[in-house]
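Please open the structure in a viewer and keep the sequence panel visible. The tour below says what to select at each stop.

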Amino acid sequence: MSAPPTSLRRVMSARPAALEAAESRAPWIRASSGRVAFVQFAFCGLALLIVVGTIGAVALRHVARDEALRDARALTASLARGVIQDQITPAVLNGDPDALARLDRLVHRRVLGAPPAAQPEDSSIIRVKVWAPDAGNVNGRIVYSDADGLIGKTFALPEDLREALHERKASADVSDLGRPENRFERGKGRLVEVYQPLPVARGGQRLLLEAYHPASDITHASRRIERSFLPVALALLLALALAQLPLAWFLARRVRADAQERERLTRAGEDALETERRRIAAELHDGVVQDLAGVAYELQAAADRLPSDNGHDPELGAALRRGAGVCRGSMRALRALLVDLYPSERREQGLDAAVEALARPLRDRGVDVAVDMDLDGRIPSATAELLYRAAQEALRNVDRHAAARTASVALRDEGGAVTLVIEDDGRGMTGDNLREQHAAGHMGLALLADGVAARGGSLSIESEPGTGTRVEVSLPRA
């Protein structure tokens with residue numbers, strides 16, 4: 001039925017995604033829409049909780065680290081104002097040993113917490129340096145340090161120290177222990193340098209205090225802050241997620257109720273359609289068909305009662321007989337419509353008998369039609385109705401267009417679905433033929449495809465010129 005055939009197959013064989021998914025899943029995955037919606041909502045909530053919790057934990061870690069560095073800068077600023085600033089005398093700047101010794105004892109007692117020979121490893125500050133930069137801030141002389149070997153030494157000022165002098169505020173950075181001025185700090189682990197400008201009134205000279213803090217102290221302080229706030233943040237997020245579960249359950253029930261309502265309305269619509277077919281069939285059979293039968297009988301009787309002498313119009317009898325013939329032809333057409341609309345075989349004997357009735361006129365015309373309806377158990381009336389319509393449309397096309405010698409109708413039960421296959425050995429059909437039929441108003445196949453897709457099924461048509469046509473309809477049993 002296509003030119004080329006694959007073009008028609010591609011157009012007509014498109015299977016709805018719902019059926020493809022249903023056939024590929026195991027039975028236990030075919031859960032109700034409400035349960036699926038609830039699981040999806042819960043999964044999305046859990047994923048959102050993990051993402052927000054992770055982002056919050058990272059942000060809190062940064063905040064905690066900044067807070068720990070702020071504490072280190074505050075401690076260094078307190079050291080500068082309360083201990084060192086007032087002790088920076090001209091004697092200290094000139095390297096007087098007695099002045100330096102007094103400053104050193106004060107620093108060890110009030111800052112380092114122990115004399116030089118017994119400084120604890122876990123002290124919050126493990127090294128103190130006071131720098132006196134030159135006029136261009138290129139080099140700097142260490143005027144005091146608790147490491148005596150550094151006092152009076154001149155070194156190139158690192159970039160971070162020059163920035164601290166320029167900004168005139170405390171700053172912090174990880175120590176580069178590879179610098180010459182940091183040779184006495186090597187072996188003490190990872191350190192953090194805090195720089196604090198010292199406004200010394202005497203002589204207007206600018207100085208810079210450099211205090212070395214163990215990085216572990218910063219890390220421990222950061223972790224203490226994390227441990228204080230992270231459980232609270234996670235508990236709030238978890239409480240928010242748990243608070244959403246009743247809403248998710250409510251929405252899932254609404255989805256399930258809506259699905260059940262749609263199913264109920266669909267069944268009600270199908271029942272109403274079937275009832276309306278019965279009503280129309282009954283009214284046609286008991287009304288119009290009976291009236292036509294009566295009129296045909298009376299017309300024929302009137303024509304038979306006309307005298308045969310030449311005194312009457314000879315055309316009158318012929319007209320009455322033509323009228324009776326027209327009434328009988330209309331009766332046959334209406335009875336055929338009644339069979340299509342609501343066949344008695346389908347009402348009384350089931351789908352296999354209804355399909356046999358569809359095959360009977362083709363057999364009368366010499367087409368060998370084989371019917372094989374292999375079905376286990378009953379199927380819903382709506383499914384049976386759609387299968388009947390498919391067989392009716394396919395056999396009607398065989399009768400009108402195929403010029404076939406043989407045809408077959410086979411119904412197979414495949415567990416979760418039923419499949420109807422109609423094949424013939426006729427002339428086949430091309431894509432152009434199909435488009436011409438649509439243009440002429442023959443929309444039977446298109447309407448059938450829409451109906452099959454609406455019930456979650458699939459319709460495929462395969463045909464090549466001269467080799468016949470194969471129509472396959474697959475529908476879920478439920």
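With which side chain does the side chain of S463 make a polar contact? Select S463 and T469: their side chains make a polar contact at 3.1 Å. Keep in mind that this is a predicted model.

**Stop 1: around S463**

Stay on S463, which lies in strand β10. Add G468 to the selection: its backbone oxygen lies 3.1 Å from a polar atom of the S463 side chain. S463 has a relative accessible area of 3%, so it is buried, the cut-off being under 20%.

**Stop 2: the sheet that holds β10**

Now select the strands β7, β8, β9, β11 and β10, in that order. They form an open sheet of 5 strands with mixed pairing. At its edges are β7 (368–374) and β10 (458–464), each of which pairs on one side only. Leaving direction aside, neighbouring strands here are turned by 10° against each other on average.

Narrow the selection to residues 417–424 and 468–476. These are β9 and β11, which run antiparallel and are joined by 8 bridges. Within this pair, V421 of the one strand stands opposite E472 in β11.

**Stop 3: V471**

Next pick V471, a residue of strand β11. Is V471 buried or exposed? Its relative accessibility is 8%, so V471 counts as buried. Show its surroundings: leaving out residues up to four places away in sequence, V471 touches L420, V421, I422, L459, S460 and I461. For one of these, L459, a distance can be checked in the viewer: its C-alpha atom is 7.4 Å from that of V471, and the two residues are 12 apart along the chain.

**Stop 4: the helices on this sheet**

Select residues 351–364. This is helix α10, which packs on the sheet and touches β7 and β8 (406–413). The direction of α10 makes about 175° with that of β7.

Then select residues 381–402 for helix α11, which lies across β8, β9 and β11 and runs at about 10° to β9. How far does α11 reach from its first C-alpha to its last? The helix has 22 residues and spans 30 Å, close to the 32 Å expected at 1.5 Å a residue. Of those 22 residues, 17 are buried, so α11 is largely enclosed by the rest of the structure. Step on to A403, just after α11, where phi is positive at about 55°.

**Stop 5: the other sheet**

Go back along the sequence and select β3, β2, β1, β6, β5 and β4. In that order they make an open sheet of 6 strands with antiparallel pairing. Why is one side of β3 and of β4 left without a neighbour in the sheet? Both β3 (154–156) and β4 (171–174) stand at the edges and have a single partner strand each, so one side of each stays free of a neighbour in the sheet. From one strand to the next, the twist averages 30°.

Select residues 191–199 and 206–214 to see β5 and β6, which run antiparallel and share 9 bridges. Here Y195 stands opposite E210 in β6.

**Stop 6: two more helices**

Finish with the helices that lie across the sheet strands:

- Residues 97–112 are helix α5, lying across β1 (127–133) and β2 (139–145), at about 75° to β2.
- Residues 159–167 are helix α6, lying across β1, β4, β5 and β6, at about 125° to β6.

Technical notes. Residues numbered from 1 in each chain as written. Predicted model: local features only at pLDDT ≥ 70, side-chain atom pairs only at ≥ 80, totals over all residues. Heavy atoms only, no water. Pairing = 2+ DSSP bridges. Helix = DSSP H or I, 4+ residues; strand = E, 2+ residues; numbered from the N terminus. Axes fitted to C-alpha atoms, helices over the stretch in contact; angles between N-to-C directions. Contact = heavy atoms within 4.5 Å. Expected span 1.5 Å × (residues − 1). Buried < 20%, exposed > 50% of the residue type's maximum accessible area, 1.4 Å probe, protein only. Polar contact = N/O pair within 3.5 Å; in protein donor to acceptor, adjacent residues only side chain to side chain.
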